[in-house]
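Hi,

Here is the structure I promised to pass on. Have a look at it first, and my notes follow underneath.

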Amino acid sequence: MLRRRPGTPTLEEVAALAGVGRGTVSRVINNAAGVKDTTRRAVQRAIAELGYVPNLAARTLAGRRADAVALVMTEPDWRQFGEPFFSEIVRSVGDALTETEVQLLLTLVRTDAERQRLVEYARGGRVDGVMLMSVHATDPLPDMLAEVGLPTVLLGRRSGDESVTYVDADNIGGARAAVSHLLDTGRRAVATITGPPDMYVAQCRLRGYREAMERAGAEPRESWTVRGDFSADSGHRAMAELLERAPEIDGVFAASDTMAAGALGALRAAGRRVPDDVAVIGFDDFPLAQHTDPKLTTVRQPLDEIGHAMVRLLLEEMREPSTAWRHVIHRTELVLRDSA
């Protein structure tokens, strides 16, 4: 049974205010025939007065669905939506739904008020499931959706102890392979440009960098690590800072292709040749990676497979709700091009 949040009006309260039975309220909500106009109006007034939102679980038990799912970006910065990662995921998820009757809704959630509105929207039965991307460590939205019984799948995870179904890539192994390649090809001062520290994906890619350095006996210096935010601008700024702090750098692992592209621009502006003076590796293998100068060596994460897996898990959960969380991690692959 779902627990009702304090202060949330119930079907019984609507029935009591309207002076009718619980079944009559259900018939009005479901627009069923056989209800007098005066009774229908009384129920509708009670619903409006109490702010009642039809319960999702009850609606599902009645066998009615919205035939729609939401893909939600939980990112406070609007600009991030223009990054290639998000457009690639939207395309992949959309492709996976083309053979179904399910409509895809896109939405951006940035504040506590927007989180609450999304939960109330979902509780009203307007969507049958939610996929979340760009979730930060302290974001309560996955748990809020789970509390109201809505099937939910994350792209990535908030921590190593994630309690919601997710699909992810092997970020640690991919980063480790990238940095190991730089070291194996003779680079000795390898730096990294990380993502936001409150995102588990960034933590994992930083961990992979450190593991590769430690295994090779090349303990990284603190000055060789600079934080970015997965954008090209942050990659450019971080690379310029690295060159100022540690001019001896001869290799860079950037935790995203967009940051790597920004780093290439900063190296070019500083007169450093790539890969002769500084080798660069990114992460993602977006189409962007084949259009940089030079073409970008990168870690490919299979976004098509990831998007399809998210849809598959969500549709399965919608058909047969499960109490077990499912965790799917896809392998990555190092793709060698001109920059390293």
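Let me start with a loop: F230 sits between β7 and α10. What caught my eye there is the backbone, as F230 has a positive phi of about 80° without being a glycine. For context, most residues other than glycine have a negative phi, and most peptide bonds are trans.

Before you go further, keep in mind that this is a predicted model. Mean pLDDT for the chain is 88, with 90% of the residues at 70 or more. The stretch to be wary of is residues 1-6, where pLDDT stays under 50. The model still has eleven contacts for residues 1-6 beyond four places in sequence.

On the peptide bonds, two are worth a click. The bond from V274 to P275 is cis, with omega near 10°, and P275 belongs to the loop between α11 and β9. The other one runs from D293 to P294, again cis, with omega near 0°. You'll find P294 in the loop between β9 and β10.

Now the sheet. It is open and has six strands, in the order β7-β6-β8-β9-β10-β12, with mixed pairing. At the edges are β7 (225-227) and β12 (333-335), each of which pairs on one side only. On average, neighbouring strands in this sheet are turned by 20° against each other, ignoring direction. Inside it, β9 (residues 279-284) pairs with β10 (residues 297-300) in the parallel sense, over four bridges. If you want one pair to check, G282 has T298 in β10 as its bridge partner.

A helix also lies across this part of the model: α9 (residues 200-215) covers β6 (190-194), β7, β8 (251-254) and β9. Its direction is about 170° to that of β6.

Last, a helix pair. How do α10 and α11 pack against each other? Helix α10 (residues 232-245) and helix α11 (residues 257-269) meet at an angle of about 45°, and their axes are 6 Å apart. That angle is neither under 35 degrees nor within 65 to 115, so α10 and α11 count as oblique to each other. Their crossing is right-handed. On the α10 side the contact is made by A232, S234, G235, H236, M239, A240 and L243, and these meet T258, M259, G262, A263, G265, A266 and L267 of α11. Sorted by class, that contact has eight nonpolar residues, six polar ones and no charged ones.

Cheers

How values were computed. Residues are numbered from 1 along each chain as its sequence is written. This is a predicted model: local features need pLDDT of at least 70, side-chain atom pairs count only at pLDDT 80 or more; totals for chains, interfaces and linings use all residues. Side-chain values use heavy atoms; hydrogens and water are left out. pLDDT is the predictor's confidence in each residue, from 0 to 100. Contact means heavy atoms within 4.5 Å. Axes are lines fitted to C-alpha atoms, for helices over the stretch in contact, and angles run from 0 to 180 degrees between N-to-C directions. Helices (H or I, at least four residues) and strands (E, at least two) are DSSP runs, numbered from the N terminus. Angles under 35 degrees count as roughly parallel, over 145 as roughly antiparallel, 65 to 115 as roughly perpendicular and the rest as oblique. A crossing is left-handed if the near helix is turned anticlockwise from the far one by less than a right angle, and right-handed if clockwise. Ala, Val, Leu, Ile, Met, Phe, Trp, Tyr, Cys and Pro count as nonpolar, Asp, Glu, Lys and Arg as charged, and the others, Gly among them, as polar. Two strands pair if DSSP finds at least two bridges between them.
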